[in-house]
Amino acid sequence: VEASIPEPLREAWRKYSAHEFTNKDEFERELVRHIETTLARSLYNCDDLAAYSGTALAFRDRLIIEWNRTQQRQTFTDQKRVYYLSLEFLMGRALDNAMLNVGMKDAAREGLQDLGFRIEDVIGQEHDAALGNGGLGRLAACFLDSLATLNYPAWGYGLRYRYGIFKQEIVNGYQMEVPDYWLDNNPWEFPRHDITVDIQFYGHVKKKQDENGKLVASWVEGEVVQAVAYDVPIPGYGTKTTNNLRLWSSKASSGEFDFQKFNAGDYESAVADQQTAETISAVLYPNDNLERGKELRLKQQYFWCAASLYDIVRRFKKTKRAWSEFPDQVAIQLNDTHPTLAIVEMQRILIDIEGLEWDEAWTIVTKTFGYTNHTVLPEALEKWSVPLMQNLLPRHLQIIYDINLYFLQSVEKQFPNNREILSRVSIIEESHPKMVRMAYIAIIGSHKVNGVAELHSDLLKSTLFKDFVDIYGVDRFTNVTNGVTPRRWLHQANPALSSLIAEKLGGHEFLTDLTLLDKLEAFVDDKDFRRQWAHIKSDNKLRLAKLIKDTTGYKVNPESLFDIQVKRIHEYKRQQLNIFGVIHRYLKIKGMSAEERKKVVPRVSVFGGKAAPGYWMAKTIIHLINKVAAVVNNDSDVGDLLKVIFIEDYNVSKAEIICPASDISEHISTAGTEGSGTSNMKFVLNGGLIIGTCDGANIEITREIGDQNIFLFGNLAEDVEDLRHRHFYGDFQLDPALEKVFKAIKDNMFGDAGDFSALTASIEEHGDYYLVSDDFHSYVTTHEMVDEAFLNKEEWLAKSITSVARMGFFSTDRVINEYADSIWNVEPLAVKD
Ligand code: 9GP
């Protein structure tokens, strides 16, 4: 690798090369220096925000020194690298994570204290980096943490949205969406104005002869937008490896800003061009499991794929290897179908620009890509209309047609005279307008396709992708069950529990080998240990009670059973089932005598989550939860026996407070609909029990922790189809207890019943697609079992400890090693101190 500084001058360079601070005093010096010079503040005007910025800058320096070394190391060893393409990275806050991962949180705490600040207040100043909707984006963030911790040479590629997921405000019980200005005061990114890529859109395709007389296609004219790189350092835990997350931002390309217009005084249209270019990376689409064919979204996808591939190819070409070695050097993972165009773009680069033959190029492409599917919900399997694609990406559409042609020819050979299979697996859906099925390109263009939990992967093979299993054989399809990073979701979110475990196990090694948690089982019967365990849970509940008081004004009794459901609001996740269950409980309490009420286990039902702005039914569910809260929480008959809380603007930093505070949490999707779920893992890892359906990763959680430690209920995935079919033909009986709940709603107990009629009608009149009524009875009776179990404090504690001890499987470290072995074929890079 060529160095820009010649050898004789490197001595001076080495002498003055930056060094990271290594103790409290050095940290303080860096902090004060940044506050006084970078931020131009002083001890006369330094508030918590300035202390945060100074601390973040000091830690950023540390990270970037390691980042530089890591990148050099990766370049010199020249091993195979992994590139994770994800339209979402839900990172949350970075400072606390950086402090813990580099092992300097205690030094920072003391240093800040010396200078007059409390570390918690300083950390609390940071705005979440919320470049994601929910589970899919958070999983990508956990993956980055594990990739760095395990020393894999890996980069993430995403978009630098100016606005991340909207901020949610609850006004009169309704969700309102407010823009999230997360980039104000964000010290964690490095703009790379020298790393830019021109991205083309529209235009048309010309065929021309190359110097050897071969006919090649070239994509000409159209519009050009510039992609500018912003780098975010990703520190591993307990290692020097600091990887890179590269986010692309859009800008008018230099040729695009029309100086002629500008000079002629037409400022407005010159600036308008600029703004049009910038809209590409302006906003994250706030849809979770729900797509709409908006041109801007397709533009985002191509912009990001093309910029990332250009970067990856540029890096590969520096090694001067033959193209055939590309898959030995590069693995690219597609996070859902969003980056599928990267497959087409790679083929275009190889045949149109690099001059490879089709077959040779296609072999390279399929060996390079892997595709992860995260959902069976049909609306999330993206399709783009052919006319839209034709207009925006004319050359790509031609390549897609060619991929389809060759693919269908081979299927035809394999299944002669079977027109049905050809039309079912064709990339082009023969609808009006015709549609391009992106998931099919992702399958055809990858060497491995995986789902994210066993049930989910099995369902993919037996339903959505069945034909492809018949075509390619079952080995192309695999499962990699999700996990979470224990650094953020145990050590950072629950420091007291992490310390207690470390004390018992003789160190924090479990944070990098989560299976070591199994040693905790030896202490299940240790009275003193149980007491400490219970004490930590109480403190965490107090911390949540304070958040509830500060954000909603409601005071909750921390002795109550905390029952929590936090995730995106969606009919399939069934927050409606939960709130109907709450109403059922409320009605029961209202009907009790004073004596009977004494036996009730007090509960706090906590909800949190955002609804996609256009998802009206989900918004109706939020509205109902808030209306029920207003009635129940102010009913003196009920008092502390039941409180209903909706936590506004649920995000990663709130989840860090919420997850450690649950007694029970709810993962109650209609069986067969949730890909995996990952908050189920976070809650159990923090000593909460769960109530759930046999869906997603709940099934594997049950297998690991034992069915005596989980509350399962409801119909099974294999029964769902049949039940829906029966409903469709009128075989439907509303559950009697649910009927009483609906009557209360219709009697305007929670405000105008008209506001909720669509919700009740979707169950009573329109087929109850999500089987709320079918599962209601087992849901409420299982909750009675939860109450019963909670009364036995010692048993409950034993369940909690045993479950945590058996959660070793659900670390993203295990997940990443599985991807590395079975899909990417990459090795970690040895890092010396
Ligand atoms: O809905 C799934 C969720 O179950 C899963 O845990 C997560 C991560 O794999 O991905 C979600 N899928 C999406 O958000 C869109 O496919």
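Modeller: Helices here are DSSP runs of H or I with at least four residues, strands are runs of E with at least two, and both are numbered from the N terminus. The model under discussion is predicted. In this numbering, Ala40 is found in the loop between α2 (24-38) and α3 (48-77).

Colleague: What is notable about the phi of Ala40?

Modeller: The general idea comes beforehand: most residues other than glycine have a negative phi. Ala40 is not a glycine, yet its phi is positive, at about 55 degrees.

Colleague: Is Ala40 buried or exposed?

Modeller: A residue counts as exposed if 12 or fewer other C-beta atoms lie within 10 Å of its own. Ala40 has 9 such atoms within 10 Å, and is therefore exposed.

Colleague: What is the phi of Lys320, and where does this residue lie?

Modeller: Lys320 is a residue other than glycine with a positive phi, near 60 degrees. The loop that holds Lys320 runs between α10 (295-318) and α11 (326-329). Lys320 is exposed, because 6 other C-beta atoms lie within 10 Å.

Colleague: Where is a cis peptide bond found?

Modeller: As a general matter, most peptide bonds are trans. In this model, the bond joining His432 and Pro433 is cis, with omega about -5 degrees. Pro433 belongs to the loop between β15 (428-429) and β16 (435-437).

Colleague: How should one read the crossing of α23 and α30?

Modeller: One takes the angle between the two axes; 65 to 115 degrees counts as roughly perpendicular. The axes of α23 (residues 575-590) and α30 (residues 736-746) cross at roughly 85 degrees and come within 9 Å. The two helices are therefore roughly perpendicular.

Colleague: Which residues make the contact of α23 with α30?

Modeller: From α23 come Phe580, Ile583, His584 and Leu587, and from α30 come Ala737, Leu738, Lys740, Val741 and Ala744. By class, the residues of this contact are seven nonpolar, one polar and one charged.

Colleague: Into which domains is the chain divided?

Modeller: Domain 1 comprises 79-93 + 128-190 + 286-480, and domain 2 comprises 491-808. Their C-alpha centres lie 33 Å apart. The contact between them takes 35 residues from domain 1 and 33 residues from domain 2.

Colleague: Which elements each supply at least two residues of the side of domain 1 that touches domain 2?

Modeller: They are the strands β2 (89-92), β5 (167-171) and β6 (174-178), together with the helices α7 (135-149) and α18 (454-462). That side of domain 1 consists of 13 nonpolar, 14 polar and eight charged residues.

Colleague: Where does the ligand lie with respect to the two domains?

Modeller: One asks which domains give residues to the shell around the ligand. Domain 1 and domain 2 both do, so the ligand lies between them. The ligand is surrounded by 18 residues, of which the closest are Gly135, Leu136, His374, Thr375 and Gly675. The shell divides into four nonpolar, 11 polar and three charged residues.

Colleague: Finally, where does Asp707 lie, and is Asp707 buried or exposed?

Modeller: Asp707 is in the loop between α28 (698-705) and β24 (711-712). With 9 other C-beta atoms within 10 Å, Asp707 is exposed. If its neighbours within four places in sequence are left aside, Asp707 is in contact with Thr702 and Leu712. Ala820 is 113 residues from Asp707 along the chain, and their C-alpha atoms are separated by 31 Å.

How values were computed: Residues are numbered from 1 along each chain as its sequence is written. This is a predicted model: local features need pLDDT of at least 70, side-chain atom pairs count only at pLDDT 80 or more; totals for chains, interfaces and linings use all residues. A residue is near a molecule or strand if its C-beta atom, placed from the backbone, lies within 6 Å of it. Ala, Val, Leu, Ile, Met, Phe, Trp, Tyr, Cys and Pro count as nonpolar, Asp, Glu, Lys and Arg as charged, and the others, Gly among them, as polar. Domain bounds come from an automatic or database domain assignment. Axes are lines fitted to C-alpha atoms, for helices over the stretch in contact, and angles run from 0 to 180 degrees between N-to-C directions. Angles under 35 degrees count as roughly parallel, over 145 as roughly antiparallel, 65 to 115 as roughly perpendicular and the rest as oblique. Two residues are in contact if their C-beta atoms, placed from the backbone, lie within 7 Å. A residue is buried if 20 or more other C-beta atoms lie within 10 Å of its own, exposed if 12 or fewer, and partly exposed in between; C-beta atoms are placed from the backbone.
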